[in-house]
Amino acid sequence: PQGGSGSASPAPSPGHSPASSFRRRRSSQGGGSGGAPGKLSLRLRVMPPLSRGSGAAGAQRELSRIVRSLRASHLRRLVVPPVAEGGSHVLHAIAQSCPPGLEELQAVGVRCRDPAARALASAVPLLRHLLILHLRQNRLGPGGAVTVAEGMRAHPRLADISLAQNDIGPAGATAVARALATCARVQRVDLSMNRIGPEGARALGETLFSLPLLKVLVLDTNAVGDDGIALLAPALPAAAAAPSANGAAVGSPALEDLALRDNGLTDAGADTLARVLPSLPGLASLDLSLNRLADAGAAALASACAALPALSYLGLNHNHIGDRGATALSRWVRGARALETLGLGDNHVRDTGVKALAHAAQHQPSHALRTLHLANNSFADAGAIALAETLSSSPADIRELRIHGNDVGARGARALAAALPKAPSLQLLSAEHNAMGEDACELLRAAWSGPPGGLVVDAGRGLPGARGCGSAAAPSSLPFGGAGGGGTKPATRVPPPLRRVSFAGTNYEVQVTAQHQQQRQATGIPGGQGGGSGDSSGVLTTPASPLHLLLARW
């Protein structure tokens, strides 16, 4: 903006040397052009290349000029999206020119190095009103985390801090935890995917006593293990006790969301956590997916969850829970008035466990259960029939049922089809990769009255894209097991052209063309083995990586 006119500068042309453009928005507050300016939001779109030759310095100067031009304004929110190169220059420019009234700074996927982190850390104390600091996916490392932590110490008003996916390690986590002790107003902390280990968990445990307002704690994929949970869990009740006016804890619930996915927890860790869960009466979401919990751990958690009246989400997907664990959970589900989502996908639950869960959902007093995830287990027709009875019971109000990847046959599919007209609230039924057969699949399709794409079924088990009668919804799981060797696979129909595959933040662009179809034949993918005209089947007959197998499949 020039001269405070209130109009945004035109976007640079493709040939323009400055590698940035921005968009400014005025909130409805302070609406008119003659009134006081309202809150502004600046979003930088940084275009490559930024770090090649003299262009990097010019881009940094341009970014500084843009941000400095709004320095005296009421800028409150600044968002920098991911950039492949030159992230350090972006953060340097922001650090040099940030408006002092900034309340929210997000720099996600900028991939800066330690010098840029130090520059940003030096600017953080100057942002006196900063409330939200998100620096996810920036490769800060331990050194960068230490410098950012130094800047955090000057901001007791910080409420939301995310340093996820920065590989800060135990040393960085310890520095951040000590800095958090000065941020008594923080409500959300996300340190996921940083490999903090038990040492980092210990440092966080020592800090939680200083965070009485903490509502959300996300520590996914950190290799915390049972030892780390033993160090962290005793401090969790302190985070659930909000302070009174004189600073004393009054025990009102604060901690609402606890995420500990993919941390190598076993039944011992679950037992340790279960001992403190009754001290978190306000906990609404608990996610322990992608761990190694078995029946004993599930039973311990079920007993503890009975003391959590507000718990609405329990995630136990990708564990080793069998019928005994599912039966123990069913006893809790029967009396869980707030439970809306239960995730038990990718476990070892058979018909006995599924029947216990279905019966509990049918008799839940509040009938609050909306989502039941039982995909990739080991139950068959008996479990599916029990679920069909729950769907057809008038009090039950399940909206989403995932049972794909099991052993449900035609009998279970027919029971589900008969129950669908009595379950008008069902929005999603994912039942592909079972053994239903074409006729039962057609019955399900005919009985479905939910939204288009809400029914996902196929005739038989196999890799995604198997020939069936399901809707055009994308497959919900990608099983790779057993696809690397020889053997004959059922004929399949080629799915629609694939445009993008995303694995862990890395995008592979693929466009299916006639040339790719020729390459499929050249790499040993057989065509149309009994699948009808135009069909292509099968898998590679030579060893290949899972990614290669998936892309060749498409």
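User: Happy to start with charges: which side chain meets that of D397 in a salt bridge?

Analyst: Good place to begin, and please keep in mind that this is a predicted model. D397 itself is buried, at a relative accessible area of 18%. Its partner is partly exposed, with 34% relative accessibility. The N to O distance in the pair is 2.9 Å, and the residue that D397 meets is R399.

User: How many salt bridges does the count come to?

Analyst: Side chains of opposite charge can pair when their charged atoms come close. A nitrogen of Lys or Arg has to be within 4 Å of a carboxyl oxygen of Asp or Glu for a pair to qualify. With that rule, the number of salt bridges is 14.

User: How many residues apart are R77 and E104?

Analyst: These two side chains form a salt bridge, with 3.3 Å from N to O. R77 belongs to strand β3 (residues 75-80) and E104 to strand β4 (residues 104-107), so the bridge links distant parts of the chain, and the separation is 27 residues.

User: Is E104 buried or exposed?

Analyst: Its partner R77 has 24% relative accessibility and counts as partly exposed. For E104 the figure is 15%. Buried means under 20%, so E104 counts as buried.

User: Which strands hold D160 and R188?

Analyst: D160 and R188 meet through their side chains in a salt bridge of 3.1 Å, N to O. The pair ties together parts that are 28 residues apart in sequence, because D160 sits in residues 160-162 and R188 in residues 188-190, which are strands β6 and β7.

User: And what relative accessible area does D160 have?

Analyst: R188, on the other side of that bridge, counts as partly exposed at 25% relative accessibility. D160 is buried, since its relative accessible area is 14%.

User: Which residue is linked with D160 and R188 in a network of salt bridges?

Analyst: The residue you want is found in strand β7. It is buried, with a relative accessible area of 8%. Together with D160 and R188, the network of salt bridges takes in D190.

User: Which side chain does a polar contact join to that of D190?

Analyst: Let's look around D190. Leaving aside neighbours within four places in sequence, D190 is in contact with I161, S162, L163, A164 and V218. Besides its place in the salt-bridge network, D190 has a side-chain polar contact of 2.8 Å, and the partner there is S192.

User: Let's turn to a helix: which residues of α15 are buried?

Analyst: Helix α15 spans residues 438-447, and its buried residues are A440, C441, L444 and A447.
They cover an arc of only 130° around the axis, so they are on the same side of α15. To restate the names, the buried residues are A440, C441, L444 and A447.

User: Which exposed residues does the face of α15 turned away from its buried side carry?

Analyst: The buried side is covered by elements that include α14 (410-419), β15 (428-430) and β16 (455-456). Turned away from that buried side is a face carrying two exposed residues, D439 and A446.

User: What distance separates the C-alpha atoms of A435 and A459?

Analyst: A435 has its place in the loop between β15 and α15. Its relative accessibility is 43%, so A435 counts as partly exposed. A435 and A459 are 24 residues apart along the chain, and their C-alpha atoms are separated by 6.4 Å.

User: How far apart in space are G144 and G172, C-alpha to C-alpha?

Analyst: G144 is found in helix α4 (residues 141-152). It counts as buried because its relative accessibility is 0%. G144 and G172 are 28 residues apart in sequence, and in space the C-alpha to C-alpha distance is 7.8 Å.

User: How many disulfides does the count come to?

Analyst: Cysteines are present in the interior: C183 is buried, with a relative accessible area of 0%, and C305 is buried too, at 1%. To count as a disulfide, two cysteine sulfur atoms must be within 2.5 Å. By that rule, the number of disulfides is zero.

User: To finish, what share of the 554 residues in the protein is buried?

Analyst: The protein has 17 helices and 18 strands. Of its contacts with a separation of 6 or more, 79% involve residues 24 or more positions apart. It exposes about 23,700 Å², with 53% supplied by carbon and sulfur atoms. Among the 554 residues, the buried share is 49%.

Notes
Residues are numbered from 1 along each chain as its sequence is written. This is a predicted model: local features need pLDDT of at least 70, side-chain atom pairs count only at pLDDT 80 or more; totals for chains, interfaces and linings use all residues. Side-chain values use heavy atoms; hydrogens and water are left out. Helices (H or I, at least four residues) and strands (E, at least two) are DSSP runs, numbered from the N terminus. Buried means under 20% relative accessible area, exposed over 50%, partly exposed in between (1.4 Å probe, protein chains only). Contact means heavy atoms within 4.5 Å. Accessible areas come from the Shrake-Rupley method with a 1.4 Å probe; for residues, only the protein chains shown count as cover. The arc is that of the directions from the helix axis to the C-beta atoms. A polar contact is a pair of N or O atoms within 3.5 Å; within protein, one must be able to donate a hydrogen and the other to accept it, and residues adjacent in sequence count only if both atoms are side-chain atoms.
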